[in-house]
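Please open the structure in your viewer and keep the selection tool at hand. The tour proceeds from the whole chain to individual elements and residues.

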Amino acid sequence: MDGLRAVNVWSVVAALGIGLLTTVLSAWRWCVIARRLGLPLTLGTAVSDYYRGLLLNAVLPAGVLGDVHRAVSHGRQAGDVGRGVRAVVFERAAGQVVLIGLGVAVLFSQSVPVELPGRGVLVTGLVVLAIAGVVAGRSTKVRRMLGTTWADARTGLVNREVLPKVVLLSAATLAGHVALFVVAARVAGSEASIGRLVPLIVLALLVMAVPVNVGGFGPREAFLAVAFGAAGLGAAQGLTTGVVYGVLAMISSLPGVLTLFRRTSEHREVLTERLDQRREQVPALVG
């Protein structure tokens, strides 16, 4: 309740402004990748669809269902659902890789006052991925799927022309999320320096990526309560900061309401294939 009462007009304006910036940057990242994969997508449509995805992520469990809808919807409009899904997967993965890289740097810098099994978790994760890769490699269908995915990744992301743009856009987007978190901390009453807040914020963003939440609520508040308490900033203030951030993040996604009930036929720039045109069928990323 303290977190809800702390939200004021200037923080709402800041949330909408920062949300617009991060959404445009993320949509731009999506456009860069999708176009390289041969999927038509204008920035205006990408921003609109991204807002809708953010709103669905904020109100539905797991926090990724909006991205799933965005991927499948665009893939259907483009006539290639598999490639549409992969474009969104690459776009989201690029942002997460930048966040994970910064998170690992924070963990190894020992600037966080909370005892976290950073190196152990990292090694365990790599071992699990290696085992999963060996097991998956025995399936012909999985090998074919991975081959198609890697081919599209090289075309749409992992190359000299696209990767620098995507990394830059991802870093700018991450800076926007961190800025919104700083706004939330200030609204919650924290007077800690930016240097003390940023490491905690980065790890909180990592925690939010775990798909066991609703709009980020749950793990984020638990982590911030522990982290702020260990840093001497007060567990209650950490919890309040998490709640304020969740409210502001949801407010920043509200423009997505305007796109929820828009008919998909309004995507004029995405044209269906002609009857006499040979369709390129690419296996989906999963299934």
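Helices here are DSSP runs of H or I with at least four residues, strands are runs of E with at least two, and both are numbered from the N terminus. On that basis the protein, which is a predicted model, has 12 helices and 0 strands.

**The whole protein**

Display the full chain as a cartoon and follow it along the sequence: the pattern reads α-α-α-α-α-α-α-α-α-α-α-α. Now colour by burial; buried residues account for 44% of the 287 residues. A surface representation encloses an accessible area of about 14700 Å², with 68% of it belonging to carbon and sulfur atoms. If a contact map is available, consider the contacts between residues at least 6 apart in sequence: 72% of them join residues at least 24 apart.

**The largest nonpolar core**

Next, select Phe181, Leu197, Ile201, Leu205, Leu233, Val244 and Leu248, the residues with the most contacts inside the largest nonpolar core, which has 36 residues. The elements that give two or more residues to this core are H2 (9-36), H5 (81-108), H8 (163-187), H9 (194-208), H10 (219-230) and H11 (235-252). Which helix gives the largest share of this core? That helix is H8, with 9 residues.

Centre the view on Phe181. Beyond residues up to four places away in sequence, Phe181 touches Ile201, Ala204, Leu205, Met208, Arg220, Leu224, Thr241 and Tyr245. Another core lies apart from the largest one; it has 26 residues, including Val32, Ala46, Phe90 and Ala94.

**Helix H2 and Ala34**

Select H2 alone. Its 28 residues reach 41 Å from the first C-alpha to the last, close to the 40 Å expected at 1.5 Å a residue. Just after H2, pick Gly38, which takes a positive phi of about 85 degrees.

Within helix H2, go to Ala34. Is Ala34 buried or exposed? Ala34 has a relative accessible area of 0%, and it therefore counts as buried, the cut-off being under 20%. Leaving aside neighbours within four places in sequence, its contacts are Leu39, Leu41, His74 and Ala87. A distance label from Ala34 to Val85 should read 9.9 Å, C-alpha to C-alpha, although the two are 51 residues apart in sequence.

**Helix H4**

One of the contacts of Ala34, His74, is also among the buried residues of H4, so that helix is the next selection. H4 covers residues 65-78; its 14 residues reach 20 Å from first C-alpha to last, close to the 20 Å expected at 1.5 Å a residue. Show the side chains of its buried residues: Gly66, Asp67, Arg70, Ala71, Ser73, His74, Gly75, Gln77 and Ala78. These residues pack against H2, H3 (43-59) and H5. H4 is followed by Gly79, whose phi is positive, near 85 degrees.

**The largest pocket**

Finally, turn to the largest pocket, which holds about 880 Å³ of space. Select Leu54, Arg92, His177, Met208 and Tyr245, which lie nearest its centre among the 37 lining residues. Met208 and Tyr245 will be familiar as contacts of Phe181. Which helices each supply at least two residues of the lining? They are H2, H3, H5, H8, H9 and H11. The largest share of the lining, 7 residues, comes from H2.

How values were computed. Residues numbered from 1 in each chain as written. Predicted model: local features only at pLDDT ≥ 70, side-chain atom pairs only at ≥ 80, totals over all residues. Heavy atoms only, no water. Core = buried A, V, L, I, M, F, W, Y, C linked by side-chain atoms within 4.5 Å. Buried < 20%, exposed > 50% of the residue type's maximum accessible area, 1.4 Å probe, protein only. Contact = heavy atoms within 4.5 Å. Expected span 1.5 Å × (residues − 1). Areas by Shrake-Rupley, 256 points an atom, 1.4 Å probe, with all protein chains shown as cover. 1 Å grid on protein atoms, 1.4 Å probe; cavity = no way out; pocket = protein on both sides within 12 Å on 5 of 7 lines; lining within 4 Å. Points joined across faces, edges and corners; volume = space filled by probe spheres on them.
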